[in-house]
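Student: I have a new model open on my screen. Can we go through its empty spaces and its helix packing?

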Amino acid sequence: MSFTAPIQLPGLTLDPLWYRRAVFYEVMVRSFVDSNGDGAGDLQGLVSRLDYLQWLGIDALWLPPFFNSPLRDGGYDVSDFYSILPEFGTIDEFKDLVTKAHERNMRVIIDLPLNHTSDAHEWFQASRSDPDGPFGDFYVWNDTDEKWPDIRIIFTDTEDSNWAFDSERRQFYFHRFFSHQPDLNFENPAVHEAVFEVIRYWLDMGVDGFRLDAIPYLYESDEGNGEGEPPTHEFIKTLRRMVDRDYPGRVMIAEANQWPREVAAFFGTDEEPECHMAFDFPVMPRIFYSLRSQQADELVNVLSETTDIPDGAGWGVFLRNHDELTLEMVSEEYRQAMYGWYAYDPRMRANIGIRRRLAPLLDNSRAELELAHALLFSLPGSPFLYYGDEIGMGDNIWLPDRDSSRTPMQWTPDRNAGFSSADPGKLFLPVVQSLVYHFNQVNVESQLAQSRSLLHWVRNVIHTRKAHPAFGLGDLTVLSVDNPSVLAFVRHYEGSDNPMGDSREDVLCVFSFAHNPVSATIEIPEYAGLNTYDLFGGAQFPGIGDDGRLTLTLGTQSFFWLHIAPAR
């Protein structure tokens with residue numbers, strides 16, 4: 001496979017708001033490319049595919065944890081923050097990845113679980129064996145398991161308490177997630193120092209930022225619910241000051257599965273900023289709800305909710321990732337509807353969510369895949385793609401827990417989908433061989449050879465988005481539409497004197513969730529009398545009337561991106 005990537009000078013662009021314009025790509029090292037034939041992906045394998053990612057239009061890689069770990073939670077149970085799991089490679093190979101990515105003008109973001117460690121971490125082993133030693137107070141210990149009864153249990157399908165008993169120390173330790181992941185005690189200043197040392201270590205190695213995993217849960221109190229407590233925000237502010245001072249241009253991304261107003265708190269204020277970015281969790285399930293209900297009202301409501309965030313802050317939007325499609329942000333009635341539409345088999349469910357990839361969720365419908373991606377790329381914030389979704393990879397619900405959507409990347413129709421030269425039985429997870437999503441049919445090589453493939457379509461949309469700053473930097477205004485199946489909004493950008501030399505831009509985005517063609521009249525009085533042009537091909541569309549109305553006909557589950565401008 002070869003890729004014609006744009007020629008660029010080595011090094012990164014100096015745009016201070018690079019993360020607001022970027023397209024991110026979550027790549028699980030273990031699942032991407034196996035370079036040494038041991039059956040598991042590794043860092044050198046990832047390096048070998050950087051040209052593919054550059055060709056696709058990716059600006060930043062997001063790497064889930066690759067640290068030493070017992071791998072009881074996909075690497076989020078870290079046993080050593082300073083070393084790399086041997087099967088993934090070495091520190092020198094990681095440095096090579098960062099260098100090679102930067103040469104292609106791509107950044108590298110790594111996942112950092114700050115809230116907890118593995119129970120195999122030397123800090124925890126020292127804490128349980130020597131309560132009076134330097135690590136004795138590194139974790140949250142208590143004589144009973146009855147403290148903080150108001151703090152909810154997150155993994156309700158595997159845990160019945162937030163406390164676990166340690167037979168050596170003869171006390172209970174607190175854990176917000178699995179019982180093998182004890183929470184660090186952020187009331188202890190020594191924990192702050194240890195965490196800052198870890199962060200500096202990786203920033204010194206050249207990484208461009210962090211996804212701060214489970215960031216709301218750092219502190220607990222008798223009065224609160226253990227989510228977004230005031231000391232948690234104070235810690236993040238301190239961390240942000242250090243990053244801005246010593247490592248300008250690096251970003252902090254908050255993973256906080258909460259409502260927009262609560263998540264917005266993790267941005268801080270203009271005077272006291274916290275994270276540069278935060279994931280927009282509530283929007284994601286409502287995209288899937290609209291696709292089946294054929295109603296746009298839920299999306300209209302959540303997109304119309306105003307959240308004041310500091311200048312320069314940005315949302316991260318996504319359709320799928322390595323976790324289950326969480327349904328925590330919806331009502332029980334809503335949740336049951338989603339289960340009925342998308343997870344009719346109990347094996348498709350995990351925790352309070354659905355453990356499926358994007359293409360199987362949408363029954364491999366090309367129209368729905370295009371509609372969902374078009375919506376993703378036009379929403380406020382930076383889009384995060386999940387590896388393999390650009391080719392419509394399938395999943396394997398017969399695998400345990402979240403492994404169903406973490407199977408090897410499908411590169412070619414050859415053995416092991418071109419992922420590895422190992423014996424198929426030695427792969428860390430089997431490649432997908434289901435009828436519809438078999439790697440013989442769904443793979444990068446095949447789709448590169450088809451100009452109308454999903455891969456080429458996604459690449460085209462990515463590059464179109466990157467050419468229009470309104471998507472990354474503009475604001476959003478939801479418009480009134482006379483058809484309940486249609487969502488319409490304008491992305492407006494005033495332009496600025498930033499290094500990218502942008503000017504004013506207005507883009508009208510229209511989406512139909514109806515399962516049949518429809519007509520819709522959009523109220524858009526601010527642009528009365530102006531023309532509209534297709535953003536992809538430049539063709540002229542109907543003009544906006546002097547009464548501020550625009551009537552469009554949309555095909556089944558289709559969309560338009562229209563540039564609003566005076567007559568050419």
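Student: Which residues lie nearest the centre of the largest pocket?

Tutor: Bear in mind that this is a predicted model. The largest pocket has a volume of about 780 Å³. Its lining takes in 34 residues. Nearest the centre are I309, W315, P380, G474 and D475.

Student: Which element gives the most to the lining of the largest pocket?

Tutor: Several elements each supply at least two residues of that lining. Among them are the helices α11 (297-304) and α17 (469-473). The strands β12 (314-318), β17 (475-478) and β19 (486-495) are also on the list. The top contributor, with five residues, is β19.

Student: How many residues of each class are in the lining of the largest pocket?

Tutor: Sort the lining by class, with Gly counted as polar. The charged residues number seven and the polar ones eleven. The nonpolar count is 16.

Student: Now the enclosed spaces. How many cavities of 30 Å³ or more are there?

Tutor: A cavity is a space where the probe fits but cannot get out. With the cut-off at 30 Å³ or more, the count is three.

Student: What volume does the largest cavity have, and which residues lie nearest its centre?

Tutor: The space in the largest cavity is about 430 Å³. Its lining has 28 residues: twelve nonpolar, seven polar and nine charged. Nearest the centre are F155, F177, E255, D323 and R402.

Student: On to helices. How is α10 oriented relative to α12?

Tutor: Two packed helices are described by the angle between their axes and the distance between the axes. For α10 (residues 283-293) and α12 (residues 332-342), the axes are 10 Å apart and the angle is about 65°. Angles of 65 to 115 degrees count as roughly perpendicular. So α10 against α12 is roughly perpendicular.

Student: Which residues of α12 meet α10?

Tutor: The crossing of α10 past α12 is left-handed. From α10 come P285, R286, F288, Y289, L291, R292 and S293. The contact has nine nonpolar, one polar and two charged residues. On the α12 side, the partners are Y334, A337, M338, W341 and Y342.

Student: How is α10 oriented relative to α11?

Tutor: The axes of α10 and α11 come within 8 Å and cross at roughly 160°. Angles over 145 degrees count as roughly antiparallel. Therefore α10 against α11 is roughly antiparallel.

Student: Which residues of α11 make the contact with α10?

Tutor: α10 passes α11 in a left-handed crossing. α10 brings V283, R286, I287, Y289 and S290. By class, the contact divides into six nonpolar, one polar and two charged residues. The α11 residues are E298, L299, V302 and L303.

Student: Last pair. Is the crossing of α7 past α8 left-handed or right-handed?

Tutor: Helix α7 (residues 189-204) packs on helix α8 (residues 230-246) at an angle of about 30°, with the axes 12 Å apart. The crossing is right-handed.

Student: Which residues of α8 meet α7 there?

Tutor: α7 uses H192, V195, F196, I199, R200 and L203. The contact has eight nonpolar, two polar and two charged residues. The α8 partners are F235, T238, L239, M242, V243 and D246.

Note on methods
Residues numbered from 1 in each chain as written. Predicted model: local features only at pLDDT ≥ 70, side-chain atom pairs only at ≥ 80, totals over all residues. Heavy atoms only, no water. 1 Å grid on protein atoms, 1.4 Å probe; cavity = no way out; pocket = protein on both sides within 12 Å on 5 of 7 lines; lining within 4 Å. Points joined across faces, edges and corners; volume = space filled by probe spheres on them. Axes fitted to C-alpha atoms, helices over the stretch in contact; angles between N-to-C directions. Helix = DSSP H or I, 4+ residues; strand = E, 2+ residues; numbered from the N terminus. Parallel < 35°, antiparallel > 145°, perpendicular 65-115°, else oblique. Left-handed = near helix turned anticlockwise from the far one by under 90°. Contact = heavy atoms within 4.5 Å.
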